[in-house]
Amino acid sequence: MITENFRILEVNLTTGRSAIRNVPGVETVLGGSGLAAKLHMEYSRPGLAWDDPSQPLVFAIGPLTGFFPLMSKTVCAFTSPLHGQYAESHAGARSALALRFAGIDALVIIGKAERPTVLHLGANVIEFMEAGYLWGKDALTTGKLLRRILKGSGHRTIMRIGPAGENKSAMACINVDTYRHFGRLGGGGVMGAKNLKAIAVEGNGSCELPQGKEYSALFADIFRKLTDTDMMRKYHNLGTASNLEALNELKALPWRNLQATSDPGIVGITGERFADDTLLRNAACSGCPVGCIHIGFVREKFHKDNQYLYRQVGYDYEPIFATGSMLGLTHAPDVLTVMDEVEKAGLDVMSGGVALAWATEALEKGVVTREQTGIDLRFGDAQGYMRAVHMLGGAVNDFWRTLAGGTMAAAARYGGGDFACVLGQEMAGYATGEVFYVAQGLGLRHSHLDTGAYTYDQSKAPKDVDKALAFLLEDERERVILTSMVSCLFARKVYDPETLRQCLTVLGGQALADGLDQAAARIQKLRWQARAAGGYDPMNVRIPKRFLEVETWKGRTDPQYLEELRLAYAGAIREMCGQD
């Protein structure tokens with residue numbers, strides 16, 4: 001049930017102390033993204049480096065978590081190793097419900113452990129476990145060992161890092177329960193800087209449900225929409241991998257470091273091909289009846305007498321783009337094999353794949369040398385990329401250590417910035433046009449999910465800067481409500497504003513329901529202000545030359561429209577930040 005205050009668990013890894021705080025502000029920031037930004041502004045030290053022990057690592061859930069389906073995300077907030085500013089990354093699996101049933105709305109971790117540590121907590125337990133034996137272990141092995149050691153199977157979440165996080169890579173993710181991730185902007189590097197190998201949360205408490213028939217009737221109606229209509233069918237069937245063929249046909253799928261946007265090799269990596277040749281089963285985040293997580297398999301021959309072992313690998317559209325088309329791989333099992341190595345290293349798959357694509361072209365063009373990379377890289381060579389993933393995650397020499405700080409960091413040192421596919425961070429897989437390039441380049445998370453700009457491009461809307469800007473601002477504001485509720489964005493058609501108001505009302509949050517629009521506008525500004533506090537100036541964002549060269553279904557990028565929209569969006573962001 002909705003209360004007036006947030007219940008926050010603050011853990012100090014330096015002192016080993018923890019405390020529960022009651023923090024006001026539910027009516028103003030709702031939870032999730034709003035709460036994460038509020039806590040980051042309260043705890044962070046903008047004048048200090050991202051890896052200073054005093055910088056916070058925040059995990060926040062929303063007011064509907066545990067009460068309604070698909071309210072299954074957790075928002076992770078931190079100061080990014082990539083740019084030293086406020087960052088958010090969102091993930092599901094069991095993380096949100098584990099925090100809810102541990103009895104907290106947010107976990108704030110500050111300080112730095114003296115030695116590698118696992119933080120283990122629940123409704124009635126908090127302990128710091130020595131984890132030296134896990135340091136150096138990959139993300140999958142770490143999870144496997146902790147599942148054997150800790151109790152609470154089915155009700156716990158285990159968030160951990162791999163070698164990339166230990167090396168404080170700006171591309172390091174936090175692996176959540178094996179198949180989900182806090183992927184973008186280097187959250188895994190923040191855990192590594194704190195000597196925090198893993199966080200295990202037991203959801204071993206309980207919550208009271210509302211009395212009366214209104215809640216159960218509303219829950220049943222939402223559940224019916226999720227399971228008995230076509231609104232979510234795409235996500236359960238082929239999943240987001242179904243986008244591959246459509247985007248390739250549209251000339252919007254990046255191939256070989258975005259040297260092309262369409263390729264006949266698509267036949268080997270379509271959603272249907274992955275389903276027919278590799279799919280083992282579907283899985284779902286806790287509290288989700290849809291099951292959008294698709295799990296394929298890779299097998300490895302370990303004996304000449306046809307003896308094989310196999311591993312299960314979760315796949316979606318973005319991982320296939322990053323380790324498939326972007327690297328020129330056109331055979332589904334090859335893509336999953338590279339993806340499996342990325343998982344072990346604890347790298348964000350999109351950042352890692354795009355970085356390897358840049359390194360390949362840089363080597364082809366002579367921008368970097370074989371002596372610097374220590375390995376040959378060729379588009380379409382899966383075995384080479386498997387070795388390269390280990391070198392990137394392990395930061396094995398000066399070149400790979402520099403690249404681990406971000407593709408633009410490597411381009412600044414070696415050259416090749418013109419063909420670095422970076423829109424704030426390594427691009428997502430939508431070469432749809434000007435609105436998307438501006439939206440991801442300047443957007444708060446540099447994510448394709450900050451807005452639906454990729455769909456705006458595909459709508460064949462006229463090149464009207466004012467209309468495009470209005471869309472970006474309004475769509476972000478609507479999504480901020482959902483991310484503050486921590487809804488899965490796949491369910492945004494089900495959880496329209498009126499349905500969200502009904503959900504809040506039956507949980508006793510009438511005031512939140514009445515003030516939802518005002519809260520959205522307030523949170524939108526708050527997040528940008530949190531970003532600006534770290535020195536972010538959207539006017540400084542540039543779109544690399546490669547995005548002007550590429551051919552899409554609309555033809556070449558219009559440089560004048562791109563620049564006018566970039567300046568207009570940057571100006572609007574600065575206004576929300578209070579910089580004008």
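The following exercises, each with a worked solution, concern strands, helices and single residues of a predicted model.

Local features are given at pLDDT of at least 70 and side-chain atom pairs at pLDDT 80 or more, while totals for chains, interfaces and linings use all residues. Residues are numbered from 1 along each chain as its sequence is written, and side-chain values use heavy atoms, with hydrogens and water left out.

**Exercise 1. The open sheet**

Determine the strand order of the open sheet of six strands and identify the strands at its edges.

Solution. Step one is to fix the elements: helices (H or I, at least four residues) and strands (E, at least two) are DSSP runs, numbered from the N terminus. Two strands pair if DSSP finds at least two bridges between them.

Step two is the order, which reads 2-1-6-3-4-5, with mixed pairing. Strand 2 (17–24) and strand 5 stand at the edges; each has a single partner strand, so one side of each lacks a neighbour in the sheet. Neighbouring strands of this sheet are turned by 20° against each other on average, direction ignored. Axes here are lines fitted to C-alpha atoms, for helices over the stretch in contact, and angles run from 0 to 180 degrees between N-to-C directions.

Step three concerns one edge. Strand 1 (residues 5–12) pairs with strand 2 in the antiparallel sense over eight bridges, and Arg-7 stands opposite Asn-22 in strand 2.

**Exercise 2. Strand 4 and its partners**

Establish how strand 4 (residues 74–79) is covered and how strand 4 pairs with strand 3 and with strand 5.

Solution. First, consider accessibility: buried means under 20% relative accessible area, exposed over 50%, and partly exposed in between (1.4 Å probe, protein chains only). Six of the six residues of strand 4 are buried. Thr-74, Cys-76 and Phe-78 point one way, whereas Val-75, Ala-77 and Thr-79 point the other way.

Second, take the pairing. Strand 3 (residues 57–60) joins strand 4 in the antiparallel sense over three bridges, and Val-75 is the bridge partner of Ala-60. Strand 5 (residues 86–91) also pairs with strand 4 in the antiparallel sense, over six bridges; here Glu-88 is the bridge partner of Ala-77.

Third, inspect the turn. The hairpin of strand 4 and strand 5 has six residues between the strands, and Gly-84 takes a positive phi near 70°.

**Exercise 3. Two packings of helix 25**

Classify the packing of helix 25 (residues 559–577) against helix 20 (residues 465–485) and against helix 23.

Solution. Begin with helix 20, which packs against helix 25 at an angle of about 40°, with the axes 10 Å apart. This angle makes helix 20 oblique to helix 25. The classes are as follows: angles under 35 degrees count as roughly parallel, over 145 as roughly antiparallel, 65 to 115 as roughly perpendicular and the rest as oblique. By class, the contact of helix 20 with helix 25 has eleven nonpolar, no polar and two charged residues. Contact means heavy atoms within 4.5 Å. Ala, Val, Leu, Ile, Met, Phe, Trp, Tyr, Cys and Pro count as nonpolar, Asp, Glu, Lys and Arg as charged, and the others, Gly among them, as polar.

Continue with helix 23 (516–532). Its axis lies 8 Å from that of helix 25, at an angle of about 95°, which means that helix 23 is roughly perpendicular to helix 25. Gln-524, Lys-525, Trp-528, Gln-529 and Ala-532 of helix 23 meet Tyr-569, Ile-573, Met-576 and Cys-577 of helix 25. By class, this contact has six nonpolar, two polar and one charged residues.

**Exercise 4. Three single residues**

State whether Asp-340, Ile-199 and Gly-535 are buried or exposed, and describe the setting of each.

Solution. Asp-340 belongs to helix 12 (residues 332–345) and is buried, because its relative accessible area is 2%. Beyond neighbours within four places in sequence, Asp-340 is in contact with Leu-140, Val-298, Arg-311 and Val-313.

Ile-199 lies in strand 12 (residues 196–202) and counts as buried at 0% relative accessibility. Residues touched by Ile-199 include Phe-59, Leu-107 and Met-191. The C-alpha atoms of Ile-199 and Arg-160, 39 residues apart along the chain, are separated by 6.4 Å.

Gly-535, in the loop between helix 23 and helix 24 (546–549), is exposed, with a relative accessible area of 54%. Its C-alpha atom and that of Lys-545, ten residues apart along the chain, are separated by 25 Å.
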